[in-house]
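Q: Please take a close look at one part of the structure shown below, and explain step by step how its pieces fit together. I am a first-year student, so a connected account would help me more than a list.

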Amino acid sequence: RRAMVLGQVSTKGEPPAQAVPAAGGMIQVGSFAVPANAEGARLRLEALGLPVRVGQGRIGGKPVQVVMAGPFADGGAQAAALAALRRAGFADAFARR
């Protein structure tokens, strides 16, 4: 698995333990090469009542759409959203600053 970081790819494997920053942040839900899949994820997040942002990036030189939830007001709200996303089937979602 590769973590997307502002258009760059980390090849170091899994992100660090799910530490949630004290002052909110974002949750990366997924990186999608197929735009329709990114749109489906965006719609699911909106249905959960979460704020959604979709950005552009590249993985292996190929364009992807990065779907993120947030920003959240504080770490507690971010942690609650991460738990909700995992319950909704987004098992690979992870907290970001």
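A: Two strands pair if DSSP finds at least two bridges between them, and that is the sense in which partners are spoken of here. The model is a predicted one, and the part chosen for the close look is the sheet, together with what packs on it.

It helps to place the sheet in the chain before entering it. The chain has two helices and six strands, and from the N terminus on these elements follow one another as β-β-β-α-β-β-α-β. Four of the strands form an open sheet, in the order β4-β5-β3-β6, with antiparallel pairing. The edges of this sheet are β4 (52-59) and β6 (94-96), and since each has a single partner strand, one side of each is left without a neighbour in the sheet. Neighbouring strands are turned by 35° against each other on average, when direction is ignored. As a general point, strands of a sheet pair through backbone hydrogen bonds, either parallel or antiparallel.

We can now walk across the sheet from one edge to the other, pair by pair. Eight bridges join β4 to β5 in an antiparallel arrangement, and one example is Ile59, whose bridge partner in β5 is Lys62. These two strands form a hairpin with two residues between the strands, and in that hairpin Gly60 takes a positive phi near 60°. Next, β5 is joined to β3 by six bridges, again antiparallel, with Val67 of β5 as the bridge partner of Gly30. Finally, three bridges join β3 (residues 25-32) to β6, also antiparallel, and here Met26 has Arg96 in β6 as its bridge partner.

One further detail of the backbone belongs to β5, the strand in which Pro71 lies. The peptide bond that joins Gly70 and Pro71 is cis, with an omega of about 5°. For comparison, most residues other than glycine have a negative phi, and most peptide bonds are trans.

The two helices come next, as both lie against strands of the sheet. Helix α1 (residues 35-47) packs on the sheet and touches β3, β4 and β5 (62-72), while its direction makes about 10° with that of β5. Helix α2 (residues 75-87) lies across β3, β5 and β6, and runs at about 30° to β3.

What do these elements bring together between them? The largest nonpolar core has 15 residues, and those that touch the most other members are Ile27, Val29, Leu45, Val67, Ala69, Leu85 and Phe90. The elements that give two or more residues to this core are β3, α1, β5 and α2. In soluble globular proteins, nonpolar side chains tend to be buried together. Ala69 shows how such a place is built up, for, leaving aside its neighbours within four places in sequence, Ala69 is in contact with Met26, Ile27, Val29, Leu45, Pro51 and Leu85.

From Ala69 we can turn to Val54, which is found in the strand β4. The C-alpha atoms of Val54 and Ala69 are 8.7 Å apart in space, and the two residues are 15 residues apart in sequence. Because its relative accessibility is 38%, Val54 counts as partly exposed. Beyond its neighbours within four places in sequence, Val54 is in contact with Arg42, Gln65, Val66 and Val67.

Arg42, one of these contacts of Val54, leads us to charged side chains in helix α1. Arg42 meets the side chain of Glu39 in a salt bridge (2.5 Å, N to O), and these two residues of α1 are three residues apart, about one turn of the helix. Arg42 also meets the side chain of Glu46 in a salt bridge (2.6 Å, N to O), and here the separation within α1 is four residues, again about one turn of the helix. Glu39, Arg42 and Glu46 are thus linked in a network of salt bridges, and the structure holds two salt bridges. As for how open these side chains are, Arg42 counts as partly exposed because its relative accessibility is 22%, Glu39 is partly exposed at 35%, and Glu46 is partly exposed with a relative accessible area of 42%.

To step back to the chain as a whole, buried residues make up 35% of its 97 residues. Among contacts between residues at least 6 apart in sequence, 68% join residues at least 24 apart.

Terms used
Residues numbered from 1 in each chain as written. Predicted model: local features only at pLDDT ≥ 70, side-chain atom pairs only at ≥ 80, totals over all residues. Heavy atoms only, no water. Axes fitted to C-alpha atoms, helices over the stretch in contact; angles between N-to-C directions. Contact = heavy atoms within 4.5 Å. Buried < 20%, exposed > 50% of the residue type's maximum accessible area, 1.4 Å probe, protein only. Salt bridge = Lys/Arg side-chain N within 4 Å of Asp/Glu carboxyl O. Core = buried A, V, L, I, M, F, W, Y, C linked by side-chain atoms within 4.5 Å.
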